[in-house]
Amino acid sequence: QATTSRFVLKFSAIEIYNETVVDLLNRDSGPFRLLDDPEKGTVTEKLTEEVIKNSQHFRCLIATCDDQRQVGETSLNVAAQDHIKITRLVILTSDTFCFFLCV
């Protein structure tokens, strides 16, 4: 008997900029709130979560998030990045058992 595992990877990303929380995978969804769940901890409402299909898709998601970030200019810094980017990768697993018959 051998165990094989199947994995599903889910990716999401937010940016906190000027006290506004924005979904970096779907900026058009508008600002949203962070909620405190007693069992799950801090959660976000309406957050886009993408299932990662392969490594190229994962790199594309990261690039999309980087493109969506806000960058502001100040007199002290040409490209001030006074914001926080939070990415989340959820790994779900399902163990299945494979039986090998030796004859």
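Strand E6 has the lowest mean pLDDT among the elements of this predicted protein model, at 77. Strand E5, residues 50-51, has the highest, at 95. Across the protein the average pLDDT is 79, and 77% of the residues score at least 70. A search of the whole structure returns four salt bridges and zero disulfides.

**Salt bridges at Glu49**

- Lys10 pairs with Glu49 in a salt bridge, with 3.9 Å between the closest N and O atoms.
- This pair links distant parts of the chain: Lys10 sits in strand E1 (residues 2-17), while Glu49 sits in the loop between strand E4 (41-44) and E5. The two residues are 39 apart in sequence.
- Arg88 also forms a salt bridge with Glu49, and here the closest N and O atoms are 2.8 Å apart.
- Arg88 belongs to strand E6 and Glu49 to the E4-E5 loop, so this bridge ties together parts that lie 39 residues apart in sequence.
- Lys10 is partly exposed, at 24% relative accessible area.
- Glu49 is partly exposed too, at 36%.
- Arg88 has a relative accessible area of 40%, which makes Arg88 partly exposed.

**Salt bridge between E6 and H1**

- Lys85 forms a salt bridge with Asp66, the closest N and O atoms being 2.5 Å apart.
- Lys85 is in strand E6 and Asp66 in helix H1, so distant parts of the chain are linked across 19 residues.
- Lys85 is partly exposed, with 27% relative accessible area.
- Asp66 counts as partly exposed at 39% relative accessibility.
- Through shared partners, salt bridges join Lys10, Glu49 and Arg88 into one network.

**The loop residue Gln70**

- Gln70 lies in the loop between helix H1 (55-68) and strand E6.
- Its relative accessible area is 33%, so Gln70 is partly exposed.
- Leaving aside residues up to four places away in sequence, Gln70 touches Glu15, Tyr17, Arg27 and His83.
- Gln70 and Lys85 are 15 residues apart along the chain. Their C-alpha atoms are separated by 10.0 Å.

**Cysteines**

- Why are Cys60 and Cys65 not bonded to each other? The sulfur of Cys60 is 9.6 Å from the closest cysteine sulfur, in Cys65, which is too far for a bond.
- The cut-off for a disulfide is 2.5 Å between cysteine sulfur atoms.
- Seen from Cys65, the closest cysteine sulfur is in Cys60, again at 9.6 Å and too far for a bond.
- Is each cysteine buried or exposed? Cys60 is partly exposed, at 44% relative accessibility. Cys65 is buried, at 0%.

**Nonpolar surface patch**

- Phe7, Leu89 and Ile91 form a nonpolar patch on the surface.
- Together these three residues have about 320 Å² of accessible area.
- Leu89 is found in strand E6, which covers residues 83-98.
- Leu89 is partly exposed, with a relative accessible area of 44%.

**Strand E6 in brief**

- Strand E6 holds Lys85, the salt-bridge partner of Asp66 in helix H1.
- Arg88, which is bridged to Glu49, also lies in E6.
- Leu89 of the nonpolar patch is in E6 as well.
- The confidence caveat applies here: E6 is the element with the lowest mean pLDDT, 77.

Note on methods
Residues are numbered from 1 along each chain as its sequence is written. This is a predicted model: local features need pLDDT of at least 70, side-chain atom pairs count only at pLDDT 80 or more; totals for chains, interfaces and linings use all residues. Side-chain values use heavy atoms; hydrogens and water are left out. Buried means under 20% relative accessible area, exposed over 50%, partly exposed in between (1.4 Å probe, protein chains only). Patches are made of residues with over 30% relative accessible area and no salt bridge: like charges are joined within 9 Å, nonpolar side chains (Val, Leu, Ile, Met, Phe, Trp, Tyr) within 5 Å. Accessible areas come from the Shrake-Rupley method with a 1.4 Å probe; for residues, only the protein chains shown count as cover. A salt bridge is a side-chain nitrogen of Lys or Arg within 4 Å of a carboxyl oxygen of Asp or Glu. Helices (H or I, at least four residues) and strands (E, at least two) are DSSP runs, numbered from the N terminus. pLDDT is the predictor's confidence in each residue, from 0 to 100. Contact means heavy atoms within 4.5 Å.
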